[in-house]
Amino acid sequence: MEKNRVEVVIDGQIITLVSDENEAYMQKVALYIDKKLDEIKSSKSNKPVSEHLRTLLISLNIADDYHKALDKYQSLEGTHDAYIQEMGRMQEENYLLTEKLHELQTQLTYGREQYTREVRQLQEDNAMQNHKIQILHEQLEQTQSQYTLEMELLHQEMSRLKESNRDLQDKYQYAINELDEYISTFDDHDRDRKNVVSFSSGTGR
């Protein structure tokens, strides 16, 4: 694989870099080194700095940045591991919750089926009861009609009997009156007969 050749400017000098990295990345690294050199040049120390010391200072700055970045990375890595563990725990909980949800859905489905069967049975029982009630209602209406007819006939019969009873009472009263009249007439004849006998007895003497 052909390497990339990139010209960069560090401390005012043009340097050609050869790397597998792309140009943007190498320019970024070169700019980082150049800024570190500017920081050392702009420091408040008035003492002259040798090239070797300047190189050491740059190395120390880079090492400082590196270790800070490493600490931050390790901290982030620890956080990442914690996140991974938490994610694993949450995934386990999610699995358990999924299993529980599946179980509840199964129970719900069974409950719905059971409820549907019970509702259907109740509907059938209710329809049967309604049919029985309808039959009883028709029988009751028929019985009431028959009872009404029988009561009407009974009232008619009672009226006829009352009328007949009145006729009988009239006839009975008429017979009583005739009997009384007959008895009265008989008593009159009996007294006349006794008078005649008494008169005859007197004459015989």
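**Exercise 1. Asp 34 and the hairpin turn**

Does Asp 34 count as buried or exposed, and at what relative accessibility?

*Solution.* The structure is a predicted model, in which local features need pLDDT of at least 70 and side-chain atom pairs count only at pLDDT 80 or more, while totals for chains, interfaces and linings use all residues. Residues are numbered from 1 along each chain as its sequence is written, and side-chain values use heavy atoms, with hydrogens and water left out.

Step 1. The classes must be fixed: buried means under 20% relative accessible area, exposed means over 50%, and partly exposed lies in between (1.4 Å probe, protein chains only). Asp 34 has 17% relative accessibility and therefore counts as buried.

Step 2. Asp 34 is located in helix 1. Helices are DSSP runs of H or I with at least four residues, strands are runs of E with at least two, and both are numbered from the N terminus.

Step 3. Contact means heavy atoms within 4.5 Å. With neighbours within four places in sequence set aside, Asp 34 contacts Val 9, Ile 10, Asp 11 and Gly 12.

Step 4. One of these partners, Asp 11, lies in the loop between strand 1 and strand 2. At 23% relative accessibility, Asp 11 is partly exposed. Its phi is near 55°, a positive value in a residue other than glycine.

**Exercise 2. The strand pair**

Describe how strand 1 and strand 2 are arranged.

*Solution.* Step 1. Two strands pair if DSSP finds at least two bridges between them. Here, seven bridges join strand 1 to strand 2 (residues 13-19), and the two run antiparallel.

Step 2. The strands form a hairpin with two residues between them. Across the pair, Val 9 stands opposite Ile 14 in strand 2.

Step 3. In a regular strand the side chains alternate between the two faces of the sheet.

**Exercise 3. The largest nonpolar core**

Which residues make up the largest nonpolar core, and which element gives the most to this core?

*Solution.* Step 1. A nonpolar core is a set of buried Ala, Val, Leu, Ile, Met, Phe, Trp, Tyr and Cys residues joined through side-chain atoms within 4.5 Å. The largest such core has eight residues, namely Val 6, Val 8, Ile 10, Met 26, Ala 30, Leu 37, Ile 40 and Ile 58.

Step 2. Two or more residues of this core come from strand 1 (4-10) and from helix 1 (23-41). Helix 1 gives the most, with four residues.

Step 3. Met 26 can be examined in detail. Beyond neighbours within four places in sequence, Met 26 is in contact with Asn 4, Val 6, Val 8, Leu 17, Ser 19 and Glu 21.

**Exercise 4. Salt bridges**

Determine how many salt bridges there are, and analyse the pair formed by Lys 36 and Asp 65.

*Solution.* Step 1. Side chains of opposite charge can pair when their charged atoms come close. The rule applied here requires a side-chain nitrogen of Lys or Arg within 4 Å of a carboxyl oxygen of Asp or Glu. The count by this rule is eight salt bridges.

Step 2. Lys 36 and Asp 65 form a salt bridge with an N to O distance of 2.5 Å. This pair links distant parts of the chain, as Lys 36 is in helix 1 and Asp 65 is in helix 2 (residues 51-204), 29 residues apart.

Step 3. Lys 36 is buried, with a relative accessible area of 8%, whereas Asp 65 is partly exposed at 25%. Not counting residues up to four places away in sequence, Lys 36 touches Asn 61 and Asp 65. Lys 36, Glu 39 and Asp 65 are linked in a network of salt bridges.

Step 4. Two further pairs lie within helix 2. Lys 68 and Asp 64 form a salt bridge with the closest N and O atoms 3.2 Å apart; these residues are four apart in helix 2, about one turn. Lys 68 is exposed at 52%, and Asp 64 is partly exposed at 34%. Glu 93 and Arg 89 meet at 2.3 Å, N to O, and because they are four residues apart in helix 2, about one helical turn separates them.

**Exercise 5. Confidence**

Where is the pLDDT below 50?

*Solution.* Step 1. pLDDT is the predictor's confidence in each residue, from 0 to 100. The protein chain averages 83, and 87% of the residues score at least 70.

Step 2. The pLDDT is below 50 over residues 197-205, a stretch with zero contacts in the model beyond near neighbours in sequence. Where pLDDT is low, the predicted coordinates should not be read in detail.
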